[in-house]
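Let's look at how the terms used for a protein model are earned. Each question below asks for the reason behind a word.

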Amino acid sequence: MRIAIKGSAVELIKGDITAQETDAIVNAANTTLSGGGGVDGAIHKAGGPSIMEECKPLAPCPAGEARLTGGGQLKAKHVIHTVGPVYKDGRHNEPRLLEKSYRSSLELASKHRIRSLAFPSISTGAYRYPVEEAARIALSTVGGYLVQHPEIELVRFVLFDDKTYKIYQRTLEELSVGE
Ligand code: AR6
């Protein structure tokens with residue numbers, strides 16, 4: 001699925017973030033930036049050890065912030081590492097932190113002339129954020145940013161499983177209708 005926002009595009013695909021050829025891919029990291037499972041493990045495995053070396057002096061990265069490294073052996077030239085909130089009950093600032101994590105990643109992209117980037121569904125794996133709510137925050141934050149920042153040409157969400165893809169699709173349809 002693809003929608004236009006002014007001159008830019010938001011795309012949803014099912015797939016593996018490490019295979020993307022966008023200028024940057026976004027890592028769902030943790031504050032230590034020292035690797036982990038899920039997206040984080042897959043990116044370090046596919047990108048090789050240089051990414052970890054570059055991460056060391058950039059840690060810690062508090063929830064909501066983002067850091068930039070090269071892409072090592074990945075097709076993407078850059079990796080934006082961001083840390084989403086661990087979901088407790090939705091009353092511990094989780095929505096604001098998740099929004100901040102998308103926004104910080106986009107701002108870092110703008111600053112470094114990154115034109116296209118691919119996001120995973122931040123916080124909805126090990127960090128247990130409910131996907132419906134996370135999808136709404138992810139898509140509305142990105143949509144709002146693109147309206148103001150035409151320098152970003154493409155934001156692609158790379159969803160790993162059918163269920164997550166379908167929820168993002170439904171949410172994007174609802175948000176587009178509501179515009
Ligand atoms: N490509 C795209 N999406 C993926 C991939 C992949 N290769 N692998 C998993 N997903 P998670 P979080 C999906 O747990 O919730 C790490 O250990 C996955 O199915 O990667 O932000 C870090 O070090 C889910 O939908 O990120 C942190 O400690 C989504 O990506 C912690 O996990 C996010 O799942 C961060 O947890």
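Q: What makes the pair formed by S123 and the ligand a polar contact?
A: A backbone N or O atom of S123 lies 2.8 Å from an oxygen atom of the ligand. A polar contact is a pair of N or O atoms within 3.5 Å (within protein, one must be able to donate a hydrogen and the other to accept it, and residues adjacent in sequence count only if both atoms are side-chain atoms), so this pair qualifies. The protein covers 88% of the 700 Å² of accessible area that the ligand has on its own (Shrake-Rupley method, 1.4 Å probe; for residues, only the protein chains shown count as cover).

A word on the source: this is a predicted model, where local features need pLDDT of at least 70 and side-chain atom pairs count only at pLDDT 80 or more, while totals for chains, interfaces and linings use all residues. Residues are numbered from 1 along each chain as its sequence is written, and side-chain values use heavy atoms, with hydrogens and water left out.

Q: Which atoms of D40 and the ligand are 2.7 Å apart?
A: They are an N or O atom in the side chain of D40 and an oxygen atom of the ligand.

Q: Why is S101 called buried?
A: Buried means under 20% relative accessible area (exposed is over 50%, partly exposed in between; 1.4 Å probe, protein chains only). S101 has 0%, so the word fits. This residue lies in helix α3 (residues 94–111); helices are DSSP runs of H or I with at least four residues, strands are runs of E with at least two, and both are numbered from the N terminus.

Q: Why is A9 buried?
A: Its relative accessible area is 4%, which is under 20%, so A9 is buried. A9 lies in strand β2 (residues 8–14). Leaving aside neighbours within four places in sequence, A9 is in contact (heavy atoms within 4.5 Å) with residues including R2, L146 and V155.

Q: How do you know that β6 and β7 pair?
A: Two strands pair if DSSP finds at least two bridges between them. Four bridges join β6 to β7 (residues 154–159), so the parallel strands pair. In this pairing, L117 stands opposite V155.

Q: What makes the unit of β6, helix α4 and β7 right-handed?
A: With the strands pointing away from the viewer, the path from the first strand over the helix to the second runs clockwise in a right-handed crossover. The β-α-β unit of β6, α4 (residues 131–148) and β7 is right-handed.
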